[in-house]
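Hi,

Here is the structure I promised you. Have a look at it first, and then read on for what turned up.

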Amino acid sequence: MLYIIGLGLGDEKDITLKGLEAIKKCDKVYMEAYTSLLSFGLSSNGLSNLENLYGKPIILADREMVEEKAHDFLSQAQLSHVAFLVVGDPFGATTHTDLVVRAKEMGIEVKIVHNASVMNAIGICGLQLYRYGETVSIPFFTETWRPDSFYEKIQQNRNLGLHTLCLLDIRVKEPTLESLCRGKKAYEPPRYMTINTAIEQLLEIAQAREDSTYTEDTECVGLARIGSEDQMVVAGTMKQLQLIDFGAPLHCLVITGKTHPLEEEMLNFYRCRT
């Protein structure tokens with residue numbers, strides 16, 4: 001049996017009772033550690049807090065393990081109960097859907113335990129969930145790679161008056177270019193995109209395209225550490241949000257579409273006063 005269990009967004013207490021009961025049944029517990037992180041994910045005692053609550057050791061599963069060596073722990077699930085823990089909800093990333101497909105192909109029974117994710121917790125900013133268009137991901141630019149394929153999606157959403165949730169890049173255990181060339185494993189330090197960097201890149205793309213889908217005066221909402229005790233929500237123009245220190249990761253950004261009166265009332269509580 002393979003249990004894929006959502007942990008929510010805040011801390012170890014966000015797990016559901018159903019999820020906790022499932023973990024206690026399992027012989028092995030893995031935790032996916034590259035598509036997101038809990039609010040304590042950068043602290044030294046974060047993992048031990050989870051282990052103390054569950055009463056079991058946790059094996060961190062990085063990208064390489066999940067995408068290239070999943071057969072190893074899926075084989076264990078053919079013979080015993082295995083838990084695979086996911087920050088947010090199990091279906092918040094395509095990687096996890098692929099894991100379900102592979103498990104079912106191996107004849108493994110899969111049980112899913114859902115939880116809160118950024119896709120619904122984003123409602124805290126006051127913009128109605130049914131008024132969002134397609135979600136986009138903003139990757140880090142490099143010297144030689146400056147992708148902008150998400151621009152058309154933002155443009156389509158804006159043309160329809162819909163809001164756009166921008167998920168910002170997370171780079172954990174990414175191989176260095178040198179290591180790829182030499183065939184030896186070496187990894188870049190972890191990087192988490194900030195709202196400031198995302199806006200800088202978005203404005204660079206708009207300027208290069210000479211298009212006014214959005215400008216530095218477009219209203220957005222910046223959110224940091226959603227679901228945690230110190231979550232931060234600020235509404236303002238791109239220009240205003242660029243000047244704000246949102247603190248520790250994870251960050252995300254909403255580019256607003258056409259707002260309704262009730263949405264405006266909620267945004268007023270979060271508006272930047274500078």
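Let's begin with a pair of helices: helix 4 passes helix 5 in a right-handed crossing. Before you trust any detail, keep in mind that this is a predicted model. The two helices cover residues 70–79 (helix 4) and 94–105 (helix 5), and their axes come within 10 Å, crossing at roughly 55°. That angle makes helix 4 oblique to helix 5.

Which residues in helix 4 and helix 5 meet? On the helix 4 side they are Ala 70, Phe 73 and Leu 74, and on the helix 5 side Leu 99, Arg 102 and Ala 103. Sorted by class, this contact has 5 nonpolar residues, no polar ones and 1 charged.

Next door in the sequence is Phe 84, which sits in strand 4 (residues 82–86). Is Phe 84 buried or exposed? Its relative accessible area is 0%, and the cut-off for buried is under 20%, so Phe 84 counts as buried. Its contacts, leaving out residues up to four places away in sequence, include Phe 73, Leu 99 and His 96. You met Phe 73 and Leu 99 above, in the contact of helix 4 with helix 5. Phe 84 also touches Leu 2, Tyr 3, Ile 4 and Ile 5, among others. Ile 5 is a nice one to find on screen: it is 79 residues from Phe 84 along the chain, but their C-alpha atoms are separated by 6.2 Å.

Now for another pair of helices. The axes of helix 7 (residues 151–159) and helix 9 (residues 195–209) come within 11 Å and cross at roughly 85°. Helix 7 is therefore roughly perpendicular to helix 9. Where they meet, helix 7 brings Tyr 151, Glu 152 and Ile 154, while helix 9 brings Leu 202, Ile 205, Ala 206 and Arg 209. The class count for this contact is 5 nonpolar, no polar and 2 charged residues.

Which residues of helix 7 are buried? They are Tyr 151, Ile 154 and Asn 157. These three cover an arc of only 125° around the axis, so they lie on the same side of helix 7. Here is the background: an α-helix has 3.6 residues a turn, so residues three or four places apart point the same way. Among the elements covering the buried residues of helix 7 are helix 9, strand 6 (136–138), strand 7 (164–168) and strand 12 (251–255). After helix 7 comes Gly 161, with a positive phi near 75°.

Last, some backbone oddities. Most residues other than glycine have a negative phi, and most peptide bonds are trans. With that in mind, try these three spots:

- Glu 210 is not a glycine, yet its phi is positive, about 55°. You'll find Glu 210 in the loop between helix 9 and strand 10 (219–224), and it is exposed, with a relative accessible area of 77%.
- Arg 225 also isn't a glycine, and its phi is positive, near 55°. Arg 225 is in the loop between strand 10 and strand 11 (232–237), and it is buried, with a relative accessible area of 11%.
- The peptide bond from Pro 249 to Leu 250 is cis, with omega near 0°. Leu 250 is in the loop between helix 10 (238–241) and strand 12.

Happy exploring!

Definitions and conventions. Residues numbered from 1 in each chain as written. Predicted model: local features only at pLDDT ≥ 70, side-chain atom pairs only at ≥ 80, totals over all residues. Heavy atoms only, no water. Axes fitted to C-alpha atoms, helices over the stretch in contact; angles between N-to-C directions. Helix = DSSP H or I, 4+ residues; strand = E, 2+ residues; numbered from the N terminus. Parallel < 35°, antiparallel > 145°, perpendicular 65-115°, else oblique. Contact = heavy atoms within 4.5 Å. Nonpolar A, V, L, I, M, F, W, Y, C, P; charged D, E, K, R; others polar. Left-handed = near helix turned anticlockwise from the far one by under 90°. Buried < 20%, exposed > 50% of the residue type's maximum accessible area, 1.4 Å probe, protein only. Arc of directions from axis to C-beta.
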